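Colleague: Could you take me through this predicted model, setting each term you use against the definition behind it?

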Amino acid sequence: MNPIEIRPGIHWVGVNDRTTDLFEGLWPLPHGVSYNAYLVVGTKAALIDSVKAPFGEELLRKIARILPPDRLDYLVVNHMEPDHSGALPLLRRVAPRAEVLATKAALPMLDRFYGIRDGVRAVADGDKLDLGGKVLSFHPIPFVHWPETMATFEESEGVLFPCDAFGGFRALDGALFADAVDFAHYEDEVLRYFSNIVGMQSAAVLRAIERLRDLRIEVVAPSHGLVWRKEVSRIVELYARWARMEGDPGVTIVYGSMYGETLRLAEAVAHGVREAGVPVRVLDAARVHVSFLLRDAWRWRGLILGSPTYDTGPFPPVEHLVRLLERKRLKNRVVGLFGSQAWAGGALRKLGEKVAELGWDLVGEVGFLGAPTAEDLARGRELGREVAARVAAAGATQSVAGGPQGRKT
Ligand SMILES: Cc1cc2nc3c(=O)[nH]c(=O)nc-3n(C[C@H](O)[C@H](O)[C@H](O)COP(=O)(O)O)c2cc1C
Ligand SMILES: [Fe+2]
Ligand SMILES: [Fe+2]
C-alpha cells in the first residue's frame, strides 16, 4: 500500500509483513502483520516509530513520496522492540541530522541495540514538541509492552500513536481504517495478538488507558494493524475488557489424547456445555499451536482441560498451555479437568494443584482408567453442564453490575 494521509499532514508510512512465519520467533503469523510507522509533517517533520529491519528500504521509499528522508528532523521511538526500532540504523545513515526522541529508559537500549548515543534526547511525561503547525506530546506507558514504552499524541488533530497498545496481528488487506473493513474478520487476530504479546502486561494496559483518558483522542493509530478514526472507544473497550480478564460466557475445551480415550470424554464434555446453551470450542493441544489455545482461553471464561497421564504428569502440550497461561497471568477462569490413565495417574492431580495455585475456580474433574465407561461419559457431560452454568451465571452478574464493563460487542 502507498502512504495514506490519515489526517492533514499525518501519514501512515508502514509496511505489511507477509513472510515472517513466527512473530517474536514464537507466534505463527498465518495472516501476516503490519508494522505501522507514521510521518507527522509541520514546518518540521517527525517519524513516529519505524519497522523491522528487513523492511527499512520499503519504509524509506514511502517516506520519500512525501518528503526527502534526509529532511527528517526527529525520529520518535515509542518502543525499542526491534519490530519498531529495527530500521533506526538505516534511518540514522539517511537522515543524520534527525534527533532521536525516546524515554529515559530507552536510552541504554538505543546504545546497546544499535550503538546510538549521539543526537538523542530523553522526553518526559507531558513534554511537548512543536513541529510548526503540529504539536507532539509524549506519554510514557511503561510495560505496554516494555519498560521504556511511551505513547505519542499529536494535539492539533487528536491522533494518538500508542505503539503496541490497541494493535493486532493480520496484515492490512488493502485497507488501513477499521471503519473500512468488517472488523469481525480481524477481531480474532487482534485478540490473539493481545493474549500472546501484551496480555501478561494487562495491569499496565489498564493503567495506560487511565492515563491517556484525559487526551482529546480522535484517532488511534497503533503500530500493528488497523487505524481507528471512528468508534475509537470500541478498540479501547475491547482492550480494557481483555485486560480485566473477565472472560466472555463460553468454554474452551483443550485436550490431548494418545489413543483417543481422553478424546471420547472431550466429546461428551462439549455436548454437556452446548446443552447448557453456552458456546464451546474443542481444541487438540498437540495439533493446534499454543498461540491459538492462549487466544481462546483468554476469550472465554470457562476452560476445561483434558489430559491423559503421561510419564506421571499431564500430557506435555496441555501442560505447556497451562504454563504459558501462568506466565501470562491469566485470572478468573472457571475450570474442569478430565483424563484417562492406565495405572497410578498423576495428570489430574498435578493440573488440579496448578489450578489452585493460579486461583482459578475448579468446578470438578472426571478421571478414569483406560477407556471411559458409559458412566464416565455421563459424568463428563455433567461436568460440561456445570462449568457452562457457572460461566453463564458469572456473565449475567457482570452484565447487570458491569455497565460499560459488561460485554456489549
Ligand atoms: C508414553 C506413555 C506414558 C504413560 N505414562 C503413564 C503414567 O505415568 N501413569 C499412568 O497411569 N498412565 C500412563 N500412561 C497410560 C495412559 O495414560 C493411558 O494409556 C491412557 O488411557 C491414555 O489416554 P489417551 O488415549 O487419551 O491418550 C502412559 C502412556 C504412554 C503411551
Ligand atoms: Fe512490543
Ligand atoms: Fe510491536
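Modeller: In this predicted model, V290, L293, L294 and A297 of helix 9 meet H320, L321, L324 and L325 of helix 10.

Colleague: What makes these residues a contact of helix 9 with helix 10?

Modeller: The test is that C-beta atoms, placed from the backbone, lie within 7 Å, so residues that meet it are counted as being in contact. By class, the contact of helix 9 with helix 10 has 7 nonpolar, 1 polar and no charged residues.

Colleague: Why is H320 of helix 10 not counted among the charged residues there?

Modeller: The charged class holds Asp, Glu, Lys and Arg, and His is left to the polar class, so H320 is counted as polar, in keeping with a contact that has 1 polar and no charged residues.

Colleague: Why is helix 9 called oblique to helix 10?

Modeller: The axes of helix 9 (residues 290–299) and helix 10 (residues 316–327) come within 10 Å and cross at roughly 60°. That makes helix 9 oblique to helix 10, because roughly parallel is kept for angles under 35 degrees and roughly perpendicular for 65 to 115. The crossing of helix 9 past helix 10 is right-handed.

Colleague: What angle do helix 6 and helix 7 make, and what is that arrangement called?

Modeller: Helix 6 (residues 202–212) and helix 7 (residues 232–244) pack at an angle of about 140°, their axes being 9 Å apart. Roughly antiparallel needs an angle over 145, so this pair too falls under oblique. Here the crossing is left-handed, and the contact is made by S202, V205, L206 and I209 of helix 6 with V236, Y239, A240 and A243 of helix 7. This contact of helix 6 with helix 7 has 7 nonpolar, 1 polar and no charged residues.

Colleague: How do you know which residues belong to the shell around ligand 1?

Modeller: A residue is counted if its C-beta atom lies within 6 Å of the molecule, and 20 residues surround ligand 1, the closest being S257, M258, Y259, T262 and P308. Helix 8 (261–275) and strand 20 (334–341) each supply at least two residues of that shell, and the largest share, 3 residues, comes from helix 8. By class, the shell around ligand 1 has 8 nonpolar, 10 polar and 2 charged residues.

Colleague: How many residues of domain 1 and domain 2 are in contact?

Modeller: The chain is divided into domain 1 (4–244) and domain 2 (248–391), with C-alpha centres 38 Å apart, and 9 residues of domain 1 are in contact with 10 residues of domain 2. On the side of domain 1 that touches domain 2, helix 5 gives the most, with 4 residues.

Methods:
Residues are numbered from 1 along each chain as its sequence is written. Chains are lettered from A and ligands numbered from 1 in the order in which they are written. This is a predicted model: local features need pLDDT of at least 70, side-chain atom pairs count only at pLDDT 80 or more; totals for chains, interfaces and linings use all residues. Axes are lines fitted to C-alpha atoms, for helices over the stretch in contact, and angles run from 0 to 180 degrees between N-to-C directions. A crossing is left-handed if the near helix is turned anticlockwise from the far one by less than a right angle, and right-handed if clockwise. Two residues are in contact if their C-beta atoms, placed from the backbone, lie within 7 Å. Domain bounds come from an automatic or database domain assignment.
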